[in-house]
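Visitor: Could you walk me through this one, a question at a time?
Guide: Sure, let's look at the model together.

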There are 4 protein chains.
Amino acid sequence: MDLDAVKRSLEPASGGETLSRARFFETFVLYGLSIDLIEHGHVICSMKVPPRLLNSSGLLHGGLMVALVDVVGSAVFYSAGLPTSGVSLEISISYVDAAYINDEIEFDAKILKTGKTVIVSTVEIRKKKTGKIVAQARHAKYAVASSKL
Amino acid sequence: MDLDAVKRSLEPASGGETLSRARFFETFVLYGLSIDLIEHGHVICSMKVPPRLLNSSGLLHGGLMVALVDVVGSAVFYSAGLPTSGVSLEISISYVDAAYINDEIEFDAKILKTGKTVIVSTVEIRKKKTGKIVAQARHAKYAVASSKL
Amino acid sequence: MDLDAVKRSLEPASGGETLSRARFFETFVLYGLSIDLIEHGHVICSMKVPPRLLNSSGLLHGGLMVALVDVVGSAVFYSAGLPTSGVSLEISISYVDAAYINDEIEFDAKILKTGKTVIVSTVEIRKKKTGKIVAQARHAKYAVASSKL
Amino acid sequence: MDLDAVKRSLEPASGGETLSRARFFETFVLYGLSIDLIEHGHVICSMKVPPRLLNSSGLLHGGLMVALVDVVGSAVFYSAGLPTSGVSLEISISYVDAAYINDEIEFDAKILKTGKTVIVSTVEIRKKKTGKIVAQARHAKYAVASSKL
C-alpha cells in the first residue's frame, strides 16, 4: 500500500503550494477532515460539520457530501495498492438522515470491485456517536487515469 | 411561477448577508453561474469553468458537478410553482466527458415528476459551444421541506 | 414482525391460485428461491442459478437480478413490521462479477431507512460458497401502498 | 449499422431454437415487444402491457421494466455499429408513474456515451398515447463483451 498516496489524496493542499489553480475546491472541502483509519481496501475519515458546509436549511449540504464521497471513495483505491484513483464514471447516493452543525460524521469507504478497467467503491456516511447512517453512496471509476474515457 | 424564488436559490449570497454560517458552500459553488433561461419546469444556467473548481487533474471536479446538480435541479421546482425545492432523497450521475478550464458549460434542469410527496428532476451538463454532453443526473427529493425524512 | 407477510411476498404463487393475471412474472422469477433467514430488518434468500434465468452469454441475467432485488428488497420491509412493502421510486445496481449456471447465489437484504414516507433497502448479491460479491443494489420506495405516487 | 444484430437482440427466440438454456428469460420478457424505430444510436420499442408482466398490485412490474431497459438499452449500441452490446456495469432507474394492463408503453433508448471502454445508454419508458413518462433509466456497460470485468 502506498500510504503516502492515500494521505496526500485526503489532505488539503499545504500553504507552500499555489492554490490558485490546483485543488482549490478539494482543499475547501477537505479542510477539517481527519483520517481515522487506513487499511488495505478500507479508509475512514471524519469531520465535525463546520458552518461553511451547511446548506440554506442549516444542514450538511447534500452536494458537498458527494464531493467528499468522491474524494474519500477515490483514496480507498490507493489503499489497495492501485497506482491510480481512476476517473469517475458513476456516482449514486441515497440520503437517509440529516446532519447538523457540529455533528461528528464519518465517511467509511470500502472497495466493492477492483477490475482491470472498472473499479467501484462504497461510502457510508454515519454519525460517529450513534452510528446512525446519514447517507450511502457507490462510486464507479474507470481504472486508467486519463481524461479520455 | 415565483420567479424570485427561482433566482434567489441560484444566486450566491450578496455582500450584505452574513456568510459565516448560511449558504457559504453554495455561494462558493454558485459564484460565476449565470441564469440563461427560466420557464415553467425548465431552468438553464451556465458557467465558464473557473480555476477554483478544478480537481487535481485539472478537470471540472466531479463532486462539484453534483453540488451544482443539487442546486440547479432544486431551483427548477420553484419554476413550476412548488412552494419548496424539497429535501434530497437520491442523486445519481453518469460522467460522460471531461470539462476543462474556461469551457463554457450549461446545466439544463427539467422536471421529471411532481408528485405530492416525491419530486424528481433531471440535469444534463453540456458544453455550450458543441452541445456535447459532460454528465447526466437525476435528483429525487421529498416534496415537504422538512429535516424529518 | 408479520412472518407470514414476509414469506408470502417471497413465495411463488401456489397451484391453487389463478396465475393468469396475478404474480405470473414474480412466480416465474421466484421459482426455486429459498428463504434462508428472516429477522427484524434482515432477509436472506438464495437460489441455484437455473438455466431459465440466463442471458444470451450464459450468465445470470442482469435485469433478472433487479427483479429479484425488487422482490427481496421489498420483503425486508415486512420483516420490520411495516404494513406495506411500498411502491418503487428508485433502484440502482452495480454489477461486480458474473454468476454462472448452478452457482449458489444469495440475496442479502437489509433496511437502510424507514421513514414515514420513504423507505430504502440495500440488497447484496453474493456467491454463497466464496462470499464474492456479484452485485450491490439500493431500492427506495414510497411507504404508502398506492398507485398514486 | 448492423440492422440484423439490433433486431436479433430484440426478438424472442424463434421456435426452431432450443429454449431450454439460451435466452429463456429474455424470450419470456420480450414476447409481445415490437420494434417501432431503429436509427443510428436510437431505438424505440413498444408493448401492450400483458397480464403476465404485472406485479401483485396489478401494475407493470418494476423489476421487469429494468429487464427491458437492459435489453432495449443494449440493442441501441448495435444500432450505432458497435460490434458488442457490452457487459452491464450499472443500471439506475427512477419510477415516475404506474403502467396498467393494456397500456401501450414505449421504450425509447438513446446512446449517451460511446467510449472505447465504457458505453452508456438512456431509456425512457412512456405511455404511447399521452407521452406521459413512466420511468427513466441509465445503463452503463463495459464495451468489451467478456465475462471478465
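Visitor: Of the contacts in chain A with a separation of 6 or more, what share comes from residues 24 or more positions apart?
Guide: This is a predicted model, where local features need pLDDT of at least 70, side-chain atom pairs need 80 or more, and totals for chains, interfaces and linings use all residues. Residues are numbered from 1 along each chain as written, chains are lettered from A and ligands numbered from 1 in written order, and side-chain values use heavy atoms, without hydrogens and water. A contact means heavy atoms within 4.5 Å. Counting contacts in chain A with a separation of 6 or more, the share from residues 24 or more positions apart is 63%.

Visitor: In what order do helices and strands follow each other in chain A?
Guide: Helices (H or I, at least four residues) and strands (E, at least two) are DSSP runs, numbered from the N terminus. Chain A has 3 helices and 6 strands. Read along the sequence, the pattern is α-α-β-β-α-β-β-β-β.

Visitor: What percentage of chain A is buried?
Guide: Buried means under 20% relative accessible area, with a 1.4 Å probe and protein chains only. Chain A has 149 residues, and the buried part is 64%.

Visitor: How are α1(C) and α3(C) oriented to each other?
Guide: Two packed helices are described by the angle between their axes and the distance between the axes. Here α1 (residues 3-10) and α3 (residues 62-79) of chain C pack with axes 8 Å apart, at about 170°. Axes are lines fitted to C-alpha atoms over the stretch in contact, with angles from 0 to 180 degrees between N-to-C directions. Angles over 145 degrees count as roughly antiparallel, so α1(C) and α3(C) are roughly antiparallel.

Visitor: How many nonpolar residues are in the contact of α1(C) with α3(C)?
Guide: From α1(C), C:Ala5, C:Val6, C:Ser9 and C:Leu10 meet C:Val71, C:Val72, C:Ala75, C:Tyr78 and C:Ser79 of α3(C). Nonpolar covers Ala, Val, Leu, Ile, Met, Phe, Trp, Tyr, Cys and Pro; charged is Asp, Glu, Lys and Arg; the others, Gly among them, are polar. The contact has no charged residues, 2 polar and, for nonpolar, 7.

Visitor: Which residue of chain D comes closest to the rotation axis?
Guide: Copies are superposed by least squares on C-alpha atoms of residues with pLDDT of at least 70 in both. A turn of 180° and a shift of 0.0 Å along the axis lays chain D on chain C, with an RMSD of 0.0 Å. That is the relation of a two-fold axis. At 2.0 Å (C-alpha), the closest residue of chain D is D:Ser92.

Technical notes:
Parallel < 35°, antiparallel > 145°, perpendicular 65-115°, else oblique. Buried < 20%, exposed > 50% of the residue type's maximum accessible area, 1.4 Å probe, protein only.
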